[in-house]
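Student: I have a model open on my screen and would like to learn how to read it. Could you walk me through a few features?

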Amino acid sequence: MAGATGHQQWSSRWTFMLAAVGSAVGLGNIWKFPYEAGEGGGGAFVLVYLAFVFAIGLPCLIAELSLGRRGQLSPIGSMSKIAEEEGRSKLWSLIGWSGVLGGFIVLSFYSVVGGWVLYYIVEAFTGFEGYDAAKSGATFTAFITDPTKPIIAHAAFLFITLGIVARGVQGGLEKAVTFLMPALFVLLLGLMIYSGITADFGAAVNFLFSPDFSKLTGDKVLQALGLSFFSLSLALGSIMTYGSYLTKDINITRSAFTIATADSAVALMAGLAIFPIVFAYDLNPGQSVGLVFTTLPIAFGQMPSIVAILFFFLLTVAAVTSAISLLEPAVAYVEERTGIDRKKVAIIIGLAAFVLGTLSAWGQSGNLLGDVKLFGLDIMSIKDYLTNNIMMPLGGMFIAIFVGWFASRKNMMEELAMEDSTFKIWYFLVRFVCPVAIGAVFVSLII
């Protein structure tokens, strides 16, 4: 369906919610939250993280959605249009450019990791029996240093993503998330129940919900703030693009609260699914990529093979729902500017992401471009640092600044249709608290 302007729109609030939650819920929720909680000492980190989700992330989420719906265009088009309406410089469109470009860069290496997950579904079918630390590490290293296998997996993951985005909002995005998001929740719930029955669920609950603030350093507080912001997929163009497909009758505030709650629930459920296994098999909870690809397979080798298969399928679903939201902003912009058929645009941008992603795959230590470094970082780490440490914090901070200081208060009140008391709280947070907090994360990350 298209609105009066010809712009595509969600068919219902429900499909928008599924898509937005899918954008927010990604690989980070399934493994980044658990390992950062592990590094941060558990319960205290979780409490601080949740506080930041609703005090910092939620106001920014509302702001970005409101800009998207008001503009009814791609992030670049929306920011340019709104800046002009507000009598502000068109340089504010740089927020949109940053989001679209940042999303494309993230997609180029996110799809590589998505390919790793696809490969491990195949590995799960063959089984992880007999895996110890040495064998598990050697298997993963052999895969990522192979010049061909990661490229094939990367291409397969992008093919799935392109197939969905090329079909449009209702024909592609909606149909995909209507199946994928319920599947994700069912799989995650099933794995959590399995862990609760067969592994050390009590230790996991104690770890996640019994705060020990003596373990919470200033660095970990800032890390929790950064994770709360990034876990909602803010400032990558995705949320603003999805907001542009909203009809005026959908309550943005209520929708944003639901998205933030669902995103946090998935992170906690992931912790309750993963940590019981980690503690039952005396594994290290504070690992990053290794937690999924080298540590958990050791435990999976001592379980029915279906557990590993379902786990990696769950990761694939989470990766795909986020990947389509990373590709959509660039496709929406090029389609909007050129009028070229969406399928052709998706293929062109997808091929560009594939080429850029191939550099990330070959840039792993021991592979063809493994010796290419900048400031000690490999190609994938450079792109990750650029987007996560620079583009996303700056984009989020300037979204808050624009909405809080340069957009008309009257226009924001009309767009959000909040109760006066609720609007005052949100407006205070987005004007004063969010820019300062995000700025603090940016400075700490750079330092």
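Student: Which residues lie nearest the centre of the largest pocket, and how many residues line it?

Tutor: Start with the general idea: rolling a probe the size of a water molecule over the atoms shows where empty space is left. In this predicted model, the largest pocket has 46 lining residues, and Lys32, Tyr35, Phe109, Asp384 and Asn388 are the ones nearest its centre. Its volume is about 1,300 Å³.

Student: Which elements give two or more residues to that lining?

Tutor: Eight helices are worth colouring on your screen: helix 1 (13–24), helix 2 (27–39), helix 5 (94–126), helix 6 (133–144), helix 10 (218–230), helix 14 (305–338), helix 16 (379–406) and helix 18 (420–446). Helix 2 gives the largest share, nine residues.

Student: How do the lining residues divide into nonpolar, polar and charged?

Tutor: The lining of the largest pocket holds 24 nonpolar residues, 16 polar ones and six charged ones.

Student: Now to the rings. How many aromatic pairs are there?

Tutor: The count is 33 aromatic pairs. For each pair, look at the distance between ring centres and the angle between planes; over 60 degrees counts as edge-to-face. Tyrosine 119 and tyrosine 120 are one such edge-to-face pair, at 5.9 Å centre to centre with 65 degrees between the planes. Another is phenylalanine 128 with tyrosine 131, edge-to-face at 5.1 Å and 85 degrees.

Student: Are those four residues buried or exposed?

Tutor: The cut-off for buried is under 20% relative accessible area. Tyrosine 119 counts as buried because its relative accessibility is 19%, and tyrosine 120 is buried at 1%. Phenylalanine 128 is buried at 2%, and tyrosine 131 is buried at 11%.

Student: Which residues do ring pairs link into a cluster?

Tutor: The cluster consists of Trp116, Tyr119, Tyr120, Phe128, Tyr131, Phe140, Phe143, Phe293, Phe300, Phe311 and Phe312.

Student: And which residue lies over the face of tryptophan 405?

Tutor: That is arginine 431, 3.7 Å from the ring centre.

Student: Let's finish with a polar side chain in a loop. Where does asparagine 367 lie, and what does its side chain reach?

Tutor: Find the loop between helix 15 (342–362) and helix 16; asparagine 367 is there. Asparagine 367 is buried, because its relative accessible area is 9%. Its side chain reaches the backbone oxygen of threonine 145 at 3.4 Å. A polar atom of that side chain also lies 3.1 Å from the backbone oxygen of aspartate 146.

Notes: Residues numbered from 1 in each chain as written. Predicted model: local features only at pLDDT ≥ 70, side-chain atom pairs only at ≥ 80, totals over all residues. Heavy atoms only, no water. 1 Å grid on protein atoms, 1.4 Å probe; cavity = no way out; pocket = protein on both sides within 12 Å on 5 of 7 lines; lining within 4 Å. Points joined across faces, edges and corners; volume = space filled by probe spheres on them. Helix = DSSP H or I, 4+ residues; strand = E, 2+ residues; numbered from the N terminus. Nonpolar A, V, L, I, M, F, W, Y, C, P; charged D, E, K, R; others polar. Phe/Tyr/Trp six-rings, centres within 6.5 Å; stacked < 30°, edge-to-face > 60°. Buried < 20%, exposed > 50% of the residue type's maximum accessible area, 1.4 Å probe, protein only. Lys NZ or Arg CZ within 6 Å of the ring centre and 35° of its normal. Polar contact = N/O pair within 3.5 Å; in protein donor to acceptor, adjacent residues only side chain to side chain.
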